[in-house]
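Please read the following report with the sequence and the structure side by side, and look up each residue as it is named.

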Amino acid sequence: MPRIMTIAREYGSGGRLIAQRVAEKLGLVYYDNEVIDIAAKELGIDVDTIRKASEEKTSSFMYTMSSSAFTLPLNDQVFAMQSKIIRHLAQHDSCIIVNGCADYILEDYDDVFTIFVHAPLESRIRRVREDYKEEQDDFKKYVMKKDKRRSNYYNYYTTKKWGQLKNFDLTINSDLGIEKVADIIVELFQQGDK
């Protein structure tokens, strides 16, 4: 049976960087935007449109047309397709999945290690500005807005509350250092092999 790791994160916490380091150290396949890319291909919709839909909960304006009838809102279609893809990946190979709802999507699966990466707001703002090299007029507002979107999306599509400690096997502050956090996660994941 494959062993799966899911990583959700606050924006700017370095969760994606940590996931990449953990994947390298463990020799696991790593999925992040690939899930969205596959969903776009399966739905036959532009990747940028899918990326936008995958970050926002359903609104009454985001419907797609199928022949002459309305179908499910695009956001709902994207969530359903991502869920299908994530379940498929989890059934076929040990891997790391960086997706805000993957912990929920795989909650009925055995041997899933769920992680939430967080950091103080000031650290996340610094990382977005200095490490991610993003350009914004108001970094604090931007980071908080990204978190709000993730929170709204997670709270809408799951029966849980975003960022709540009890949803995860491990919550960890990335201010410990990207490499140190990656090493901790690797050690805990390997203990599950014993």
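The axes of helices α6 and α7 come within 10 Å and cross at roughly 105°, where axes are lines fitted to C-alpha atoms, for helices over the stretch in contact, and angles run from 0 to 180 degrees between N-to-C directions. That makes α6 roughly perpendicular to α7, a label given to angles of 65 to 115 degrees, whereas those under 35 count as roughly parallel, those over 145 as roughly antiparallel and the rest as oblique. On the side of α6, the residues L121, R124, I125, V128 and R129 meet F139, K140, Y142, V143, M144 and D147 of α7, and contact here means heavy atoms within 4.5 Å. The residues of this contact divide into seven nonpolar, no polar and four charged; Ala, Val, Leu, Ile, Met, Phe, Trp, Tyr, Cys and Pro count as nonpolar, Asp, Glu, Lys and Arg as charged, and the others, Gly among them, as polar.

The model is a predicted one, in which local features need pLDDT of at least 70 and side-chain atom pairs count only at pLDDT 80 or more, while totals for chains, interfaces and linings use all residues. Residues are numbered from 1 along each chain as its sequence is written, and side-chain values use heavy atoms, with hydrogens and water left out.

Helix α7 (residues 139-157) also meets helix α4 (residues 74-92), and their axes come within 12 Å and cross at roughly 75°. That makes α4 roughly perpendicular to α7. In this contact N75, D76, F79 and Q82 belong to α4, while Y153, Y156 and Y157 belong to α7; the residues divide into four nonpolar, two polar and one charged.

In the protein chain as a whole there are eight helices and seven strands, which are DSSP runs numbered from the N terminus (helices are H or I with at least four residues, strands are E with at least two). Five strands form an open sheet in the order β2-β5-β1-β6-β7, with parallel pairing, and two strands pair if DSSP finds at least two bridges between them. The edge strands are β2 (29-31) and β7 (170-173), each of which pairs on one side only. From one strand to the next, the twist averages 20°.

Within this sheet, β1 (residues 4-9) and β5 (residues 95-98) run parallel and are joined by four bridges, and M5 has I96 in β5 as its bridge partner. Four bridges also join β6 to β7, again in parallel, with I115 standing opposite L170 in β7. Which side chains of β7 are buried, and which are not? Along β7 they alternate, with L170 and I172 pointing to one face and buried, while T171 and N173 point to the other and are not; buried means under 20% relative accessible area, exposed over 50% and partly exposed in between (1.4 Å probe, protein chains only). By this measure, 47% of the 194 residues of the protein chain count as buried.

Two loop residues other than glycine have a positive phi, as the table shows.

| Residue | Phi | Loop | Relative accessible area |
|---|---|---|---|
| D111 | about 60° | between α5 (102-105) and β6 (112-118) | 38%, partly exposed |
| K133 | near 60° | between α6 (121-131) and α7 | 62%, exposed |
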